[in-house]
Amino acid sequence: MCVKMIRRVNDEEGIKKLVNETFQKLWFTPTPHHDKEAMTRKILNITDVVAACRDTGYDWFEQLLQNLLKSEEDASYKPVKKACTQLVDNLVEHIIKYEESLSDCDNKGVNSGRLVACITTLYLFSKIRPQLMVKHAMTMQPYLTTKCSTQNDFMVICNVAKILELVVPLMEHPSETFLATIEEDLMKLIIKYGMTVVQHCVSCLGAIVNKVTQNYKFVWACFNRYYGALSKLKSQHQEDPNSTILTANKPALLRSLFTVGALCRHFDFDQEDFKGNSKVNIKDKVLELLMYFTKHSDEEVQTKAIIGLGFAFIQHPSLMFEQEVKTLYNSILSDKNCSVNLKIQVLKNLQTYLQEEDTRMQQADREWKKVAKQEDLKEMGDISSGMSSSIMQLYLKQVLEAFFHTQSSVRHFALNVIALTLNQGLIHPVQCVPYLIAMGTDPEPSMRNKADQQLVEIDKKYAGFIHMKAVAGMKMSYQVQQAINTCPKDPVRGFRHDESSSALCSHLYSLIRGNRQHRRAFLISLLNLFDDTAKTEVNMLLYIADNLACFPYQTQEEPLFIMHHIDITLSVSGSNLLQSFKESMVKDKKKERKPSSDEEAESDSNSGSESESEEEASKPRRLRKRVDFDSDSDEENDINAVMKCLPENSAPLIEFANVSQGILLLLMLKQHLKNLCGFSDSKIQKYSPSESAKVYDKAINRKTGVHFHPKQTLDFLRSDMANSKITEEVKRSIVKQYLDFKLLMEHLDPDEEEEDGEVSASTNARNKAITSLLGGGSPKNNAAETEDDESDGEDRGGGTSGVRRRRSQRISQRIT
């Protein structure tokens with residue numbers, strides 16, 4: 001229960017206040033000195049919660065402690081501070097007693113978990129208030145000599161090293177024996193154990209030597225030991241690249257690469273205190289040495305060399321501007337065939353550098369507050385952030401491009417780097433917006449949430465940035481989904497394959513939908529991609545249609561606006577599509593036949609000549625020929641007639657099949673929204689975008705079980721029709737599609753003068769064409785709802801002529 005509550009410490013103000021008050025009463029209220037039992041219960045409770053959060057991190061504890069201590073900074077009575085002192089003192093006492101009991105216990109492995117939790121809790125207190133641990137530093141020092149046999153033992157050493165790093169510099173006149181013992185213990189650990197221990201022990205040694213003992217010769221001797229080993233191995237490898245010396249000495253090589261880097265992170269060896277009067281530039285020599293091993297054939301050696309470089313760059317950020325470093329980092333990040341481990345390590349290096357810079361900046365801010373009136377420390381911070389900004393501008397593009405990677409770990413570290421960069425204000429946020437939109441579609445919830453949170457922060461500070469890059473972000477999210485897609489044969493879809501079936505870009509839409517102008521511009525931009533002139537690839541159109549079908553619409557105006565513009569796009573693109581198909585047939589037939597036979601063939605095709613069709617179309621609807629739309633034989637004759645007119649070159653057919661997918665998807669999308677929201681044809685026809693927003697401000701009553709499944713487009717993509725050989729069967733299918741389109745376009749917008757009977761026939765024709773085009777599915781699967789459409793026929797015939805005239809005028813303007 002405590003774990004669940006404490007994780008809400010960064011929630012909204014009301015909950016945050018409640019969490020702070022609860023834990024202040026539970027943990028941070030002073031306990032009477034005589035009540036040892038209550039203090040023991042409190043300690044066990046706190047350490048149990050810390051142990052339970054071992055895998056999820058301890059940010060919540062730090063935040064809670066900071067909140068409580070900050071709230072009583074100016075108070076005369078400080079109960080939280082007193083409670084913390086009690087807790088720390090009793091924790092140390094508890095650890096000593098616990099160790100004594102462990103010595104008599106057979107099952108030390110299980111019980112040592114409690115020791116780790118206690119020391120971890122002490123470290124968390126030290127991190128926020130290191131003064132609390134000053135008097136216990138000497139008690140902690142012997143734990144550096146713990147014999148390591150389990151993971152818990154290593155955790156004890158690492159946490160003790162972190163505590164001493166924070167506490168020893170605050171001690172007044174510590175004994176030389178105590179300091180010398182710590183230095184020797186740390187050096188033994190650096191030489192003996194693995195990366196994690198080395199890292200924390202070198203960091204602790206850095207704090208003690210740089211701030212307290214100034215025992216530079218001790219560190220210089222250690223550095224030369226590993227630097228000399230690297231130089232020797234490099235020389236041997238240069239003399240004979242095929243030599244087995246490196247293989248035989250690989251463990252020593254890996255340790256040397258890591259340790260040299262770690263030492264360079266915490267010590268500036270170009271100071272006279274280290275190298276004396278020597279004119280040799282140590283940082284350049286280290287760079288040259290580490291760069292040599294980044295070109296090694298063994299990936300493990302390369303990785304350790306890159307880790308070493310990352311450490312060195314924290315002490316000397318200017319090295320990241322070196323041309324060979326830029327080439328190395330950018331080639332690893334941009335090369336699709338490069339090892340995943342190397343990509344991750346480069347991203348980790350950048351992340352660690354930014355985290356270290358953030359810590360430095362926070363420290364500078366704290367110092368600035370102390371001496372704000374005496375000197376201007378802000379300038380120092382500006383210089384530091386200027387360096388960070390220049391570095392991130394250098395590598396930004398490659399880091400952003402790392403989002404398009406199959407491995408989630410690469411995307412994870414790339415997102416961490418971008419989040420740190422944005423939080424520190426090192427770059428203009430607008431260039432990251434499309435990439436963050438794309439990362440908001442990641443399958444992993446933690447990454448989605450982090451990317452979405454960054455977008456929310458940008459939207460708060462810079463209104464309009466999200467809208468400005470929304471369409472680019474949608475396109476980029478499709479590219480991310482393509483990269484993630486593990487089965488290339490399956491088309492990329494734009495909704496989550498779970499019970500919610502929510503749009504992948506639903507968070508983006510929720511950010512934009514509040515502003516009517518931005519929302520409409522965004523939706524129109526997406527629908528314009530379906531225009532035949534946009535030449536958008538079919539799978540991307542499917543992805544966008546999926547999103548449009550599943551966006552979290554709230555008012556009736558939103559889907560009605562989309563359907564209104566679908567009608568406009570259908571009118572224009574549909575006519576263009578039919579015209580280009582007709583032109584391709586006529587053009588080819590003129591080459592192959594004599595004029596007389598050409599005219600005969602053309603007069604037989606399409607159930608009559610083009611001129612006859614135009615003449616027929618110009619007549620009032622009630623005077624036109626009645627067509628029996630249920631006659632299969634007539635339809636078959638039409639197909640055969642058009643088949644005879646097809647050109648030998650199948651390119652126009654493929655082009656028609658390809659371009660028609662956009663129109664098919666729009667038809668399907670309109671039917672889906674109509675079924676989802678329960679709109680009648682009359683409601684859709686009466687809608688006008690120029691109407692007051694209040695008219696259509698009613699909430700949507702969504703129907704359940706309505707799914708968007710554009711079967712035609714899915715089949716088209718799965719069969720890879722655009723690149724496959726066209727068979728007779730496929731030709732007939734495309735011709736039938738052409739005739740259905742032709743029928744649909746003829747009846748897309750019935751004339752207002754129609755009589756009641758004619759309206760029913762026209763509506764029936766339109767619905768038959770739609771049902772045929774969309775694969776003849778059931779209403780739930782987005783086929784036309786024939787009964788509803790017919791019942792709306794009278795409404796469509798009259799009372800909406802003004803709306804249709806306005807739409808016709810807009811269509812004619814777009815055509816001209």
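Here are some questions and answers about this predicted model.

Q: How many helices and how many strands does the chain have?
A: Let's start with the overall make-up of this predicted model. The count of strands in the chain is zero, and the count of helices is 39.

Q: What percentage of the chain's residues count as buried?
A: To be buried, a residue needs under 20% relative accessible area. The chain has 816 residues, and the share that counts as buried is 50%.

Q: What share of the contacts with a separation of 6 or more is between residues 24 or more positions apart?
A: Here we look at contacts in the chain with a separation of 6 or more. Among these, residues 24 or more positions apart account for 76%.

Q: Why does the distance between the end C-alpha atoms of helix H4 agree with its number of residues?
A: Helix H4 covers residues 59-71, which makes 13 residues. The expected span is 1.5 Å times one less than the number of residues, so H4 should span 18 Å. Its end C-alpha atoms agree with that, being apart by 18 Å.

Q: Which helix gives the most to the largest nonpolar core?
A: This core has 235 residues, and Phe 28, Phe 125, Phe 293, Phe 522, Leu 548 and Phe 551 touch the most other members. A helix spanning residues 651-677 gives the most to this core, with 14 residues, and that's helix H32.

Q: Which phenylalanine does Phe 522 touch, not counting residues up to four places away in sequence?
A: Phe 522 has several partners, including His 467, Met 474 and Tyr 509. The phenylalanine it touches is Phe 551.

Q: Is Thr 441 buried or exposed?
A: Thr 441 sits in the loop between helix H21 (433-439) and helix H22 (445-461). It touches Arg 448, Ser 477 and Tyr 543, among others. The cut-off for buried is under 20% relative accessible area. Because its relative accessibility is 2%, Thr 441 counts as buried.

Q: How far apart in space are Thr 441 and Ala 451?
A: In sequence, these two are ten residues apart. Going C-alpha to C-alpha, Thr 441 and Ala 451 are apart in space by 9.0 Å.

Q: Which helix gives the largest share of the lining of the second largest cavity?
A: The structure holds five cavities of 30 Å³ or more, and the second largest has about 70 Å³ of space. Its lining includes Cys 264, Phe 267, Ile 282 and His 316. The largest share of that lining is four residues, and they come from helix H15.

Technical notes:
Residues numbered from 1 in each chain as written. Predicted model: local features only at pLDDT ≥ 70, side-chain atom pairs only at ≥ 80, totals over all residues. Heavy atoms only, no water. Helix = DSSP H or I, 4+ residues; strand = E, 2+ residues; numbered from the N terminus. Buried < 20%, exposed > 50% of the residue type's maximum accessible area, 1.4 Å probe, protein only. Contact = heavy atoms within 4.5 Å. Core = buried A, V, L, I, M, F, W, Y, C linked by side-chain atoms within 4.5 Å. 1 Å grid on protein atoms, 1.4 Å probe; cavity = no way out; pocket = protein on both sides within 12 Å on 5 of 7 lines; lining within 4 Å. Points joined across faces, edges and corners; volume = space filled by probe spheres on them.
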